[in-house]
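I opened the notebook to look over this structure. I start with the overall build, then turn to one helix pair.

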Amino acid sequence: MNYHWNWRIFWEAAPDGTGTYMDTLWSGLLWTLATAGSAWIIALALGLVVGTVRTLPNKWVVRLANAYVELFRNVPLLVQMFLWYFVMPELLPQAAGDWLKALPNSAFITAVLCLGTFTSSRVAIQVTTGIEALPRGQKLAGTALGLTLPQTYRYILLPMAARVILPPLTSEFLNIVKNSSVALTIGLMELTASARAIQEFSFQVFEAFSAATIIYVVVNLCVVTLMHAIERSVVIPGFIVAGTASGGH
């Protein structure tokens, strides 16, 4: 049986009346970018707070932060997506749960919260690693200048650690774009779900998923290029995170 290739399928009208199949892919891409972008904001905010808390001298708040990281990092993303979508509304007060389930974009909100919290645990580890990788003299210098602990973190440790962790943060951003495809399991019509819909309507499976693959590659290359440009613009000449034997600047 020979497969009939038809790359013109993307300019044919989709049976759902929303335009062409290319419009379906474009809509899926927009939902993917909106989901990944919104979740990334949550992941950065929570990850920054939790990762910083894990380096504080208070052992009780450190334990709480570690518990947060272990909870969201060790439960599979798909399981978390189902818990957020099917279980969380049932744990809320009935009025709040009914309101959440009735929202027309409840799948989008659920996906953003799930991806945001899941990725925040990974960002937190990067933040902690970045702070701990700094030479010990950085913190001591803040103390010598008369800065409080919050001021030392704000003006010295976090700005320097941010430069250290930019490369791994790039990987996490790429992951959140790719992980957004899991949201198709709760009904969000992101890029992968759109490609699947094209395949189901037109039976052009290779064309649909080849197009989705190319779009993912292009988006990720744009992310890498942007993050590399940011990394070059914020680099501090002469700053090296050195090992314990050689010290650092």
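In what order do the elements of the protein run from the N terminus on? I read α-α-α-α-α-α-α-α-α-α along the chain. The tally is ten helices and zero strands. I note here that the model is predicted.

**Entry: overall build**

I looked up the extent next. The C-alpha trace spans about 70 × 50 × 30 Å along its principal axes. I then checked burial. The protein has 249 residues, and 40% of them count as buried. For the surface, I got an accessible area of about 13900 Å². Carbon and sulfur atoms hold 68% of that area. I also looked at contacts between residues at least 6 apart in sequence. Of these, 72% join residues at least 24 apart.

**Entry: H1 and H8**

Two packed helices are described by the angle between their axes and the distance between the axes. I looked up both for one pair. H1 covers residues 21-53, and H8 covers residues 166-179. Their axes come within 9 Å and cross at roughly 135°. The angle is neither over 145 degrees nor within 65 to 115, so H1 counts as oblique to H8. The crossing of H1 past H8 is right-handed.

Which residues make the contact? From H1, I listed Thr 32, Ala 36, Ala 39, Trp 40 and Leu 44. From H8, I listed Leu 169, Glu 172, Phe 173, Ile 176 and Val 177. I sorted the residues of this contact by type. Eight are nonpolar, one is polar and one is charged. The polar one is Thr 32 of H1, and the charged one is Glu 172 of H8.

Key. Residues numbered from 1 in each chain as written. Predicted model: local features only at pLDDT ≥ 70, side-chain atom pairs only at ≥ 80, totals over all residues. Heavy atoms only, no water. Axes fitted to C-alpha atoms, helices over the stretch in contact; angles between N-to-C directions. Helix = DSSP H or I, 4+ residues; strand = E, 2+ residues; numbered from the N terminus. Parallel < 35°, antiparallel > 145°, perpendicular 65-115°, else oblique. Left-handed = near helix turned anticlockwise from the far one by under 90°. Contact = heavy atoms within 4.5 Å. Buried < 20%, exposed > 50% of the residue type's maximum accessible area, 1.4 Å probe, protein only. Areas by Shrake-Rupley, 256 points an atom, 1.4 Å probe, with all protein chains shown as cover.
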